[in-house]
Amino acid sequence: MNLFLNYLAVTALFAFVALPAAVGLIREHRIDRQLRDAERREAKPTPTRSAARPYKVTRRSYPKGWAKA
């Protein structure tokens with residue numbers, strides 16, 4: 001019985017120490033999922049009813065630009 005209580009005490013202490021890390025990990029995954037979903041919603045093209053076409057901004061790489069990569 002004494003051995004069982006020792007195992008139980010060690011398990012309880014481990015859970016007490018590991019619980020905040022597990023909660024933080026779950027929270028991080030939730031935030032990452034929300035950011036991914038928001039990014040996907042932003043990337044979807046929105047239908048326009050006007051006659052004008054939407055202006056699309058594209059990045060261009062300049063081979064002889066002032067900034068060195």
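User: Before I look at the fold, what counts as a helix or a strand here?

Analyst: Helices are DSSP runs of at least four residues and strands are runs of at least two, numbered from the N terminus. This is a predicted model, and by that reading the protein chain has one helix and zero strands.

User: How do I check the span of H1 against its number of residues?

Analyst: The expected span is 1.5 Å times one less than the number of residues. For the 42 residues of H1 that gives 62 Å, and the end C-alpha atoms lie 61 Å apart, which agrees. The helix nevertheless bends by about 40° at Ala18, and a proline, Pro20, follows within four residues.

User: Is H1 buried or in the open?

Analyst: A residue is called buried when its relative accessible area is under 20%. In H1 the number of buried residues is zero, so the helix lies largely in the open. For the protein chain, 0% of the 69 residues count as buried, while the exposed area is about 7,900 Å², with carbon and sulfur atoms supplying 62% of it.

User: Which residues form a nonpolar patch on the surface?

Analyst: The patch is made of Met1, Phe4, Leu5 and Leu8, which together have about 470 Å² of accessible area. One of these residues, Phe4, is found in helix H1.

User: Which side chains meet in a salt bridge, and where do they lie?

Analyst: Side chains of opposite charge can pair when their charged atoms come close. Here the count comes to one salt bridge, in which the side chains of Asp37 and Arg40 meet at 3.7 Å, N to O. An α-helix has 3.6 residues a turn, so residues three or four places apart point the same way. Asp37 and Arg40 both lie in helix H1 (residues 2-43), three residues apart, or about one turn of the helix. Asp37 is partly exposed, with a relative accessible area of 30%.

Terms used: Residues numbered from 1 in each chain as written. Predicted model: local features only at pLDDT ≥ 70, side-chain atom pairs only at ≥ 80, totals over all residues. Heavy atoms only, no water. Salt bridge = Lys/Arg side-chain N within 4 Å of Asp/Glu carboxyl O. Buried < 20%, exposed > 50% of the residue type's maximum accessible area, 1.4 Å probe, protein only. Patch = residues over 30% accessible without salt bridge, like charges linked within 9 Å, V, L, I, M, F, W, Y side chains within 5 Å. Areas by Shrake-Rupley, 256 points an atom, 1.4 Å probe, with all protein chains shown as cover. Bend = angle between axes of the 7 residues up to and from the residue.
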